[in-house]
Amino acid sequence: MNITQKVNDAPLVYEIETRLRQAHNNDFDDSVGDPIDADEVYDLIRNINDPEHPLTLEQLHVANREHIFVDDGASRVRIEFTPTIPHCSMATLIGLCIRVRLLRSLPERFKVDIRVRDGTHQSEADVNKQLNDKERVAAALENTYLLDVVDQCLASAA
């Protein structure tokens, strides 16, 4: 990804969770509604690559199933992620990757709120403001270099 200087040279790496979703009879019936749940959202973001390391957000415990909240009826998703270090300069980029993945994957009716978990980043208020400001996100996605980096992070998550 062409990140030359790493902020966190030796992040903790965790075992990934092996999970198989249970198939139900209605899963293959297009006439039956299929609500979005936290497990489905987690499956969408868990394999996003970290911008600095050849590791996924799941392996770094940046993304956790327990920090995803979905209200399908109200069409709302809230994701709280945990940067690997309190001064992580990649937090905004990681949040942008999560947002883009969900924009490309979830139905348009969903409002997505992406936040750094409370107390896990020294600039969490600023990062949260950037990640949830439509104009700032749109401007970031107009930057071709930044969009290339996001696409590289998402390449394995597809």
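A residue is termed buried when its relative accessible area is under 20%, exposed when that area is over 50%, and partly exposed in between. In the predicted model described here, buried residues account for 41% of the 158 residues in the protein chain. The protein chain exposes about 9400 Å² in total, and carbon and sulfur atoms supply 47% of this area.

The protein chain contains five helices and three strands. Read along the sequence, these elements follow the pattern α-β-β-α-β-α-α-α. Contacts that link distant parts of the sequence were also examined. Among contacts between residues at least 6 apart in sequence, 68% join residues at least 24 apart.

The sheet is considered next. Strands of a sheet pair through backbone hydrogen bonds, either parallel or antiparallel. The three strands of the model form an open sheet in the order 1-2-3, with mixed pairing. Strand 1 (68–71) and strand 3 (111–116) stand at the edges of the sheet, and each has a single partner strand, so one side of each is left without a neighbour in the sheet. On average, neighbouring strands of this sheet are turned by 10 degrees against each other, direction ignored.

The two pairings in the sheet can be described in turn. Strand 1 and strand 2 pair in the antiparallel sense over four bridges. Within this pairing, V70 stands opposite V77 in strand 2. Strand 2 (residues 76–81) and strand 3, by contrast, run parallel and are joined by six bridges. V77 takes part here as well, with V112 as its bridge partner in strand 3. V77 thus faces V70 on the one hand and is bridged to V112 on the other.

Two residues that are not glycines have a positive phi. One of them is S75, whose phi is about 55 degrees. S75 is found in the loop between strand 1 and strand 2, and the hairpin of these strands has four residues between them. With a relative accessible area of 13%, S75 lies under the 20% cut-off and is therefore buried. The other is H61, which has a positive phi of about 60 degrees although it is not a glycine. H61 lies in the loop between helix 1 and strand 1. The relative accessible area of H61 is 32%, which makes this residue partly exposed.

Helices lie across the sheet in two places. Helix 1 (residues 38–45) lies across strand 1 and strand 2, and runs at about 130 degrees to strand 1. Helix 3 (residues 124–131) lies across strand 2 and strand 3, and runs at about 160 degrees to strand 3. Strand 2 therefore has helix 1 and helix 3 lying across it.

Helices also pack against one another. The axes of helix 1 and helix 2 (residues 91–105) come within 9 Å and cross at roughly 120 degrees. Because angles of 65 to 115 degrees count as roughly perpendicular and those over 145 degrees as roughly antiparallel, this crossing falls outside both ranges, and helix 1 is oblique to helix 2. The crossing of the two helices is right-handed. At this crossing, V41, L44 and I45 in helix 1 meet I98, R101, L102 and S105 in helix 2.

Helix 2 also packs with helix 4 (residues 134–142), at an angle of about 90 degrees and with the axes 12 Å apart. Helix 2 and helix 4 are therefore roughly perpendicular to each other. In this pair, L96, R99 and V100 in helix 2 meet V137, A140 and L141 in helix 4.

The surroundings of one residue of helix 2, I94, were examined individually. I94 has a relative accessible area of 3% and is accordingly buried. Leaving aside its neighbours within four places in sequence, I94 is in contact with D50, P51, L57, V62 and F81. The C-alpha atoms of I94 and P83 are separated by 8.5 Å, the two residues being eleven apart along the chain.

Notes: Residues numbered from 1 in each chain as written. Predicted model: local features only at pLDDT ≥ 70, side-chain atom pairs only at ≥ 80, totals over all residues. Heavy atoms only, no water. Pairing = 2+ DSSP bridges. Axes fitted to C-alpha atoms, helices over the stretch in contact; angles between N-to-C directions. Contact = heavy atoms within 4.5 Å. Buried < 20%, exposed > 50% of the residue type's maximum accessible area, 1.4 Å probe, protein only. Areas by Shrake-Rupley, 256 points an atom, 1.4 Å probe, with all protein chains shown as cover. Parallel < 35°, antiparallel > 145°, perpendicular 65-115°, else oblique. Left-handed = near helix turned anticlockwise from the far one by under 90°.
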